[in-house]
Amino acid sequence: MKYAKRFDNRKLDEMRPMSAKVGVIKRADGSAMFQIGDTIAIAAVYGPRQLYPKFLQNPEKGILRCNYDMISFSVPERKKPGPNRRSTEIGLVTEQSLNPVVQLELFPNTVVDVFIHIIQANAGTRCAGICAASMALAHAGVPMKDLVAAISVGKVGDKIVIDLNKEEEDFEGGATDIPVAMTPRNNEITLLQLDGEVSKEELLEALSLAKKGCEKIYKIQQQALKDAFKGEKNE
Amino acid sequence: MGEILLKDKEIAVPGEVLAKGMDYIPAGGTFRENEDIIANQLGMVSINGRLVKLVPLTGIYVPKANDIVIGKVVDVTFSSWLLDINSPNLAMLSIRDATEYIERNADLTQYYDYGDIVAAKVTKVTRNKAIDLSTKGPGLRKLNEGQIVEVTPSKVPRIIGKQASMITMIKDATDCKIIVGQNGRIWIHGVDPDKEIVATAAIMKIEHESHTEGLTDRIKEFLDKELKK
């Protein structure tokens, strides 16, 4: 089987339709939803609040703690609830991709908790999670240098494409998935993972594609955050 | 020559460039990177001459000196009380700064017991967030009666109003005693319970519609209507 065109008839540099909403969880200090195609992530932020046990506290700055979870009904085959090796790793990389932007020096000995739930999964869940988490952090009023936008790029067959779906990720002819997170203002990469094989040229091409994608995502994030407060204005 | 990229009262998201050039000075909620002024919070832009400021729309209470706060006693030590003031760190009310006369080796719970609500003033906040409180000042004391309403701390300035216009209006209309804590806790006590309910409703209304124009007039209407019933 050859990969000549995309399974859902998208162009190579076309992303799935996206939407975002802020304030989806009432009792959280900040919350957001991010949807890309069939992948939906919701994120809730609590804090800054006191961190216990005490030995984890950092007297110089607050710490960020991310928790990633795929809900059991998010995938075609029921997923056993609870943390596993994969979700622990993704929680950690999410934390590392958000840490460069948050400014928690003002809140020593505290923690900001981020809970990401994937309520529907069709590839690109960690990227959707990061997008939702950065919006939720902004909504919670946590000081940040910038938002973070994330998108997966990759190589399917011999084509470089953006925003792979599950079908493309599982392509028998070989697929490479590269999740990328960027700060939109300075284009600094805060997350770069790679699963598969690519040449140097292909990677650079994929990254320039990711840069364009992140700009589009940033527009949507920005709009969602502004809309959340425009509603109050017109009331 | 610098330029302003976002207008006054527009909403900015973290990382958004608010102004370019060294003609403008970054104030609260913003920082300078190279020559640009950048937002580091979600807030409303406020431009005052050369100052570019961001009024936060969300977020927790960050204590600062001279704030009046309403705290709850959560711990009692040998020489102080520890109060929860709705911020990540506990605040300390030392016996030196309490107005009561306290005998040597007295049991401190007879003055302020666990769970007591105290109106106090923040005297000092250190860099590592040790917060000192004092009850020296008019109206600062243990609150024995009345009720507490909690609002988002970022909306407190709106509840107080310009030169305390909003809160004075509610106080006068409902004959209630009200203490507004900067930490988002508001104490209300009225002789007439019905009027106390109206005062509470008015404060909830302000919190809900805090970004709208002409709010003072609408609250006045609301108070007149409710009190006539």
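**Figure 1. The hairpin of strands E15(B) and E16(B), in which Lys177(B) stands opposite His189(B).** In this predicted model, Lys177(B) faces His189(B), a residue of strand E16(B). Strand E15(B), made of residues 176-180, is joined by 5 bridges to E16(B), made of residues 185-190, and the two strands run antiparallel. As a general point, the strands of a sheet pair through backbone hydrogen bonds, and they may do so in a parallel or an antiparallel way. Between the two strands of the hairpin lie 4 residues, and Gly184(B) takes a positive phi near 90°. Strand E15(B) is mostly covered, since 4 of its 5 residues are buried.

**Figure 2. The buried side of helix H2(B).** Helix H2(B) comprises residues 165-174, and its buried residues are Met166(B), Ile167(B), Met169(B), Ile170(B) and Thr174(B). These residues cover an arc of only 155° around the axis, and therefore they lie on the same side of H2(B). The elements that cover them include helix H1 (156-160), strand E15, helix H3 (193-208) and helix H4 (215-228), which belong to chain B. Just after H2(B) comes Asp175(B), which takes a positive phi of about 55°.

**Figure 3. The packing of helix H2(B) against helix H3(B).** The axes of H2(B) and H3(B) are 9 Å apart, and the helices pack at an angle of about 160°. Because angles over 145 degrees count as roughly antiparallel, H2(B) is described as roughly antiparallel to H3(B). The crossing of these two helices is right-handed. On the side of H2(B), the contact is made by Met166(B), Ile170(B) and Thr174(B), while H3(B) contributes Lys195(B), Val198(B), Ala199(B), Ala202(B), Ile203(B) and Ile206(B). Met166(B), Ile170(B) and Thr174(B) are also among the buried residues of H2(B).

**Figure 4. An open sheet of 5 strands in chain A, with helices H1(A) and H2(A).** The strands follow the order E1-E2-E3-E5-E4, and their pairing is mixed. At the edges are strand E1 (18-22) and strand E4 (63-70) of chain A, each of which pairs on one side only. From one strand to the next, the twist averages 15°. Strand E1(A) pairs with strand E2(A), residues 30-36, in the antiparallel sense over 5 bridges, and within this pair Val22(A) has Ala32(A) of E2(A) as its bridge partner. Helix H1(A), residues 85-98, packs on the sheet and touches E4(A) and strand E5(A), residues 110-120, while its direction makes about 140° with that of E4(A). Helix H2(A) lies across E1, E2, strand E3 (39-50), E4 and E5 of chain A, and it runs at about 150° to E2(A).

**Figure 5. The surroundings of Ser134(A) in helix H2(A).** Ser134(A) belongs to helix H2(A), which comprises residues 125-139. Its relative accessible area is 0%, so Ser134(A) is buried. If its neighbours within four places in sequence are set aside, Ser134(A) is in contact with Leu98(A), Met144(A), Leu147(A), Val148(A) and Gln221(A).

**Figure 6. The loop residue Thr58(B) and its contacts in chains A and B.** Thr58(B) is found in the loop between strand E8 (51-56) and strand E9 (68-76) of chain B. With a relative accessible area of 12%, Thr58(B) is buried, because the limit for a buried residue is under 20%. Not counting residues up to four places away in sequence, Thr58(B) touches Ala138(A), His139(A), Ala140(A), Gly141(A) and Phe229(A) in chain A, together with Leu42(B) and Ser154(B) in chain B. Thr58(B) and Ser154(B) are 96 residues apart in sequence, but their C-alpha atoms are 6.0 Å apart in space.

**Figure 7. Thr109(B), a partly exposed residue in another loop of chain B.** Thr109(B) is placed in the loop between strand E11 (91-94) and strand E12 (117-125) of chain B. Its relative accessibility is 21%, so Thr109(B) counts as partly exposed. Apart from residues up to four places away in sequence, Thr109(B) touches Val76(B) and Tyr114(B). Thr109(B) and Asn40(B) are 69 residues apart in sequence, and the distance between them in space is 43 Å, C-alpha to C-alpha.

Note on methods:
Residues are numbered from 1 along each chain as its sequence is written. Chains are lettered from A and ligands numbered from 1 in the order in which they are written. This is a predicted model: local features need pLDDT of at least 70, side-chain atom pairs count only at pLDDT 80 or more; totals for chains, interfaces and linings use all residues. Side-chain values use heavy atoms; hydrogens and water are left out. Buried means under 20% relative accessible area, exposed over 50%, partly exposed in between (1.4 Å probe, protein chains only). Two strands pair if DSSP finds at least two bridges between them. Contact means heavy atoms within 4.5 Å. The arc is that of the directions from the helix axis to the C-beta atoms. Axes are lines fitted to C-alpha atoms, for helices over the stretch in contact, and angles run from 0 to 180 degrees between N-to-C directions. Angles under 35 degrees count as roughly parallel, over 145 as roughly antiparallel, 65 to 115 as roughly perpendicular and the rest as oblique. A crossing is left-handed if the near helix is turned anticlockwise from the far one by less than a right angle, and right-handed if clockwise.
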